[in-house]
Amino acid sequence: MTNKSAKNLRIQYVISYFLIYFISTSCNQSVESKINHSIQSLITKYPQLTADKKPSESEFKFVKSVREGEFNIEIQLYSQPEGYKNRNHILVFINGKKQVYAIPLFNSKYRDYWEFPFDKLLPDVPKTNTTFTNQLNLGIDELINNSDRRKSNKRFTLINVMLTSVLNCKRIEERDSTIVLNTLRGSYDIPDENIDSAKIRLRKNYELMKREWHPEEYASNYNCYFDETNARIYQIQNLGNKFKIKTYRMDYGFHFINL
């Protein structure tokens, strides 16, 4: 190889390297821009996410990212800072085509969003006019092709990864009845509740969830997940081409009285 040929080869290598670097950097910036846009659009659509917060407290910070292999979807969790009332979270889904979809994880005072059984809406809390189930199904429809959406086991895998790996939920069984019946988390975000009434609600929750604890279409056999951080239990129900997430509240309003 002549010196001139070797020089040309080095030039081509350098050009190729910078071209690959530029394309890779541009793609990452593009995805980051899509994520930021998706989060800001969600906040605009649901101002409850940042209600009563100072500007610095309203920012959602990246917490963690997990990739689900069946659909090649990355799931990211964003949260507001700890240490104040009414903390909310956002889930961001990114598919292999770099399409982005964000859904809100409101705190539990937004009862219309979570559809808690045995609960009335709080009068001073504005409605979200949507639900966790609806938002999750919209995201699946947006990011996953039709043929894969019809495969309930694959969709269950996606939701399982979201609950266990992203939200750190624990799958619960009959032997975990103590968790369901005796877990009450005091919350400052909602009005005071009578603890005896709250315990009755836990019993009703347990009786309702155990009716569909063994869905035959799931290899896992159990479909309930305990989210200890947010004091909720999620139960996945298959409705054909859609999923229903039934959510049970495990907290109760409790405030110390200063004498």
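Does R249 count as buried or exposed, and at what relative accessibility? Keep that one in mind while we walk through the model, which is a predicted one.

**Stop 1: the whole chain**

Start with everything shown as a cartoon. The protein chain has 7 helices and 10 strands. It runs to 259 residues, and 47% of them count as buried. Switch on a surface if you like: the chain exposes about 14,500 Å², with carbon and sulfur atoms supplying 51% of that. As for how the chain folds back on itself, take the contacts with a separation of 6 or more: residues 24 or more positions apart account for 56% of them.

**Stop 2: the sheet that starts with β1**

Select residues 61-68 and 100-105. These are β1 and β4, the edge strands of an open sheet, and each pairs on one side only. The full order is β1-β2-β3-β4, with antiparallel pairing across the 4 strands. Turn the view to look along the sheet and you can follow its twist, which averages 20° from one strand to the next.

Now add residues 73-79, strand β2. It runs antiparallel to β1, and 7 bridges join the two. Two pairs are handy for getting your bearings: E68 stands opposite I73, while K64 has L77 as its bridge partner. Between the two strands sit 4 residues, making a hairpin. Click on N72 in that turn, where phi is positive at about 55°.

While you are at the β1 end of things, show the side chains of K61 and E59. They meet in a salt bridge, 2.9 Å from N to O. What is the relative accessible area of K61? K61 comes out at 45%, so it is partly exposed. E59 is partly exposed too, at 43%.

**Stop 3: helix α3**

Select residues 132-143. This is helix α3, which lies across β2, β3 (89-94) and β4, running at about 170° to β4. Try a distance between its end C-alpha atoms: they are 17 Å apart, which agrees with the 16 Å that 12 residues should span at 1.5 Å a residue. Next, colour F132, T133, Q135, L136, N137, G139, I140 and L143, which are buried residues of α3.

**Stop 4: the sheet that starts with β5**

Bring in the other open sheet, again 4 strands with antiparallel pairing, in the order β5-β7-β8-β9. Why does one side of β5 and of β9 lack a neighbour in the sheet? Both strands stand at the edges with a single partner strand each, so one side of each is left open in that sense (β5 is 170-172). Here the twist averages 30° from one strand to the next.

Zoom in on β5 and add residues 224-227, strand β7. The two pair in the antiparallel sense over 3 bridges, and among the partners to click on are K170 and F226. Helix α3 turns up here as well: it packs on this sheet, touching β8 (232-239) and β9, and its direction makes about 150° with that of β9.

Then select residues 195-209 for helix α7. This helix lies across β7, β8 and β9, and runs at about 155° to β9.

**Stop 5: back to R249**

Finish at the residue we began with. Show the side chains of R249 and D119: they form a salt bridge, the closest N and O atoms being 2.7 Å apart. The pair links distant parts of the chain, 130 residues apart, with R249 in strand β9 (residues 242-249) and D119 in the loop between α2 (111-114) and α3.

Add D251. Its side chain meets that of R249 in another salt bridge, 2.9 Å from N to O. How accessible are these two? Residues count as buried under 20% relative accessible area. At 1%, R249 therefore counts as buried, which settles the opening question. D251 is at 7%, so it is buried as well.

Which residues do salt bridges with shared partners join into one network? Select R111, D119, E193, R201, R249 and D251 together, and you have it on screen. For scale, the structure holds 13 salt bridges, and the K61 and E59 pair from Stop 2 is one you have already seen.

Technical notes: Residues are numbered from 1 along each chain as its sequence is written. This is a predicted model: local features need pLDDT of at least 70, side-chain atom pairs count only at pLDDT 80 or more; totals for chains, interfaces and linings use all residues. Side-chain values use heavy atoms; hydrogens and water are left out. Two strands pair if DSSP finds at least two bridges between them. Axes are lines fitted to C-alpha atoms, for helices over the stretch in contact, and angles run from 0 to 180 degrees between N-to-C directions. Contact means heavy atoms within 4.5 Å. A salt bridge is a side-chain nitrogen of Lys or Arg within 4 Å of a carboxyl oxygen of Asp or Glu. Buried means under 20% relative accessible area, exposed over 50%, partly exposed in between (1.4 Å probe, protein chains only). Accessible areas come from the Shrake-Rupley method with a 1.4 Å probe; for residues, only the protein chains shown count as cover. The expected span of a helix is 1.5 Å times one less than its number of residues.
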